[in-house]
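Please find below my notes on this model, set out as numbered points for discussion at the bench. They begin with a charged pair and then move to the helices, the loop and the chain as a whole.

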Amino acid sequence: MLENSSSTSFYGSNGAPREINPDEELKKIMSMDLIGDLRRTKVYVIGAGVFPASLTKKSTDSYRPLPVMKGLYDFWSKYFEQSGGQLVAFGKPLLLQPIGGR
């Protein structure tokens with residue numbers, strides 16, 4: 001869920017995810033007509049907030065800063081809403097809840 005393309009990038013100059021302005025990023029995407037048709041799609045993103053220990057060079061996992069997570073959540077929530085879909089959980093869903101209403 002970290003965009004890095006010719007359209008936009010959610011990474012800073014140091015290679016780490018940066019704080020984004022969700023509205024500005026969505027405006028860029030919409031100006032390039034990159035909103036898909038995801039009617040009736042429910043999206044569950046698992047693990048978006050975790051840096052695995054192998055990437056952090058620590059013995060335990062680390063978590064993305066709250067402002068970075070909020071910006072990512074807000075962007076994707078608005079993106080899926082514009083697409084006709086729904087972002088149900090992002091980064092830390094309750095793993096014991098049924099997925100898809102089952």
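1. Asp-23 is partly exposed in this predicted model, its relative accessible area being 45%, and because partly exposed covers the range between under 20% and over 50%, this aspartate belongs neither with the buried residues nor with the exposed ones. The side chain of Asp-23 forms a salt bridge with that of Lys-78, with N and O 2.5 Å apart. The two partners come from distant parts of the chain, 55 residues apart, since Asp-23 belongs to helix H1 (residues 22-31) and Lys-78 to helix H3 (residues 66-83). Lys-78 likewise counts as partly exposed, with a relative accessibility of 32%.

2. How many salt bridges does a search of the whole structure find? The search returns five, and the bridge between Asp-23 and Lys-78 has just been described. In general terms, side chains of opposite charge can pair when their charged atoms come close. Within helix H3, Asp-74 and Lys-70 lie four residues apart, about one turn of the helix, and they form a salt bridge in which the closest N and O atoms are 2.7 Å apart. A further bridge joins the side chains of Arg-39 and Asp-37, at 2.4 Å from N to O, and here Arg-39 is exposed, with a relative accessible area of 55%. Arg-18, Glu-25 and Lys-28, finally, are linked to one another in a network of salt bridges.

3. The packing of H1 on H3 deserves a point of its own. Two packed helices are described by the angle between their axes and the distance between the axes. For H1 and H3, the axes come within 9 Å and cross at roughly 40 degrees, which makes H1 oblique to H3, because the angle is not under 35 degrees, as roughly parallel would require, and does not fall in the range of 65 to 115 that counts as roughly perpendicular. The crossing in which H1 passes H3 is right-handed. On the H1 side the contact is made by Pro-22, Asp-23, Glu-25, Leu-26, Ile-29 and Met-30, and on the H3 side by Gly-71, Asp-74, Phe-75, Lys-78, Tyr-79 and Gln-82. By type, the residues of this contact divide into six nonpolar, two polar and four charged. Asp-23 and Lys-78, the salt-bridged pair of the opening point, are among the residues of the contact, as are Glu-25 and Asp-74.

4. Gly-36 lies in the loop between H1 and S1 and is partly exposed, with a relative accessible area of 31%. Which residues does Gly-36 touch, leaving aside those up to four places away in sequence? Gly-36 touches Tyr-79 and Ser-83, and Tyr-79 is also one of the H3 residues in the contact with H1. Gly-36 and Gly-84 are 48 residues apart in sequence, while their C-alpha atoms are 8.4 Å apart in space.

5. Two further residues of the loop between H1 and S1 call for a look at the backbone, namely Asp-33 and Arg-40. Most residues other than glycine have a negative phi, and most peptide bonds are trans. Asp-33, however, has a positive phi, near 55 degrees, and Arg-40 has a positive phi near 65 degrees. Both residues are exposed, Asp-33 with a relative accessible area of 68% and Arg-40 with one of 76%.

6. Ile-46 lies in strand S1 (residues 42-46). Is this isoleucine buried or exposed? Ile-46 counts as exposed, because its relative accessibility of 57% is over the 50% that sets that class. The C-alpha atoms of Ile-46 and Gly-91 are separated by 4.9 Å, although the two residues are 45 residues apart along the chain.

7. As for the chain as a whole, there are three helices and four strands, and read along the sequence they follow the pattern α-β-β-α-β-α-β. Of the 102 residues in the chain, buried residues make up 32%. Among contacts with a separation of 6 or more, 57% are accounted for by residues 24 or more positions apart.

Methods
Residues are numbered from 1 along each chain as its sequence is written. This is a predicted model: local features need pLDDT of at least 70, side-chain atom pairs count only at pLDDT 80 or more; totals for chains, interfaces and linings use all residues. Side-chain values use heavy atoms; hydrogens and water are left out. A salt bridge is a side-chain nitrogen of Lys or Arg within 4 Å of a carboxyl oxygen of Asp or Glu. Helices (H or I, at least four residues) and strands (E, at least two) are DSSP runs, numbered from the N terminus. Buried means under 20% relative accessible area, exposed over 50%, partly exposed in between (1.4 Å probe, protein chains only). Axes are lines fitted to C-alpha atoms, for helices over the stretch in contact, and angles run from 0 to 180 degrees between N-to-C directions. Angles under 35 degrees count as roughly parallel, over 145 as roughly antiparallel, 65 to 115 as roughly perpendicular and the rest as oblique. A crossing is left-handed if the near helix is turned anticlockwise from the far one by less than a right angle, and right-handed if clockwise. Contact means heavy atoms within 4.5 Å. Ala, Val, Leu, Ile, Met, Phe, Trp, Tyr, Cys and Pro count as nonpolar, Asp, Glu, Lys and Arg as charged, and the others, Gly among them, as polar.
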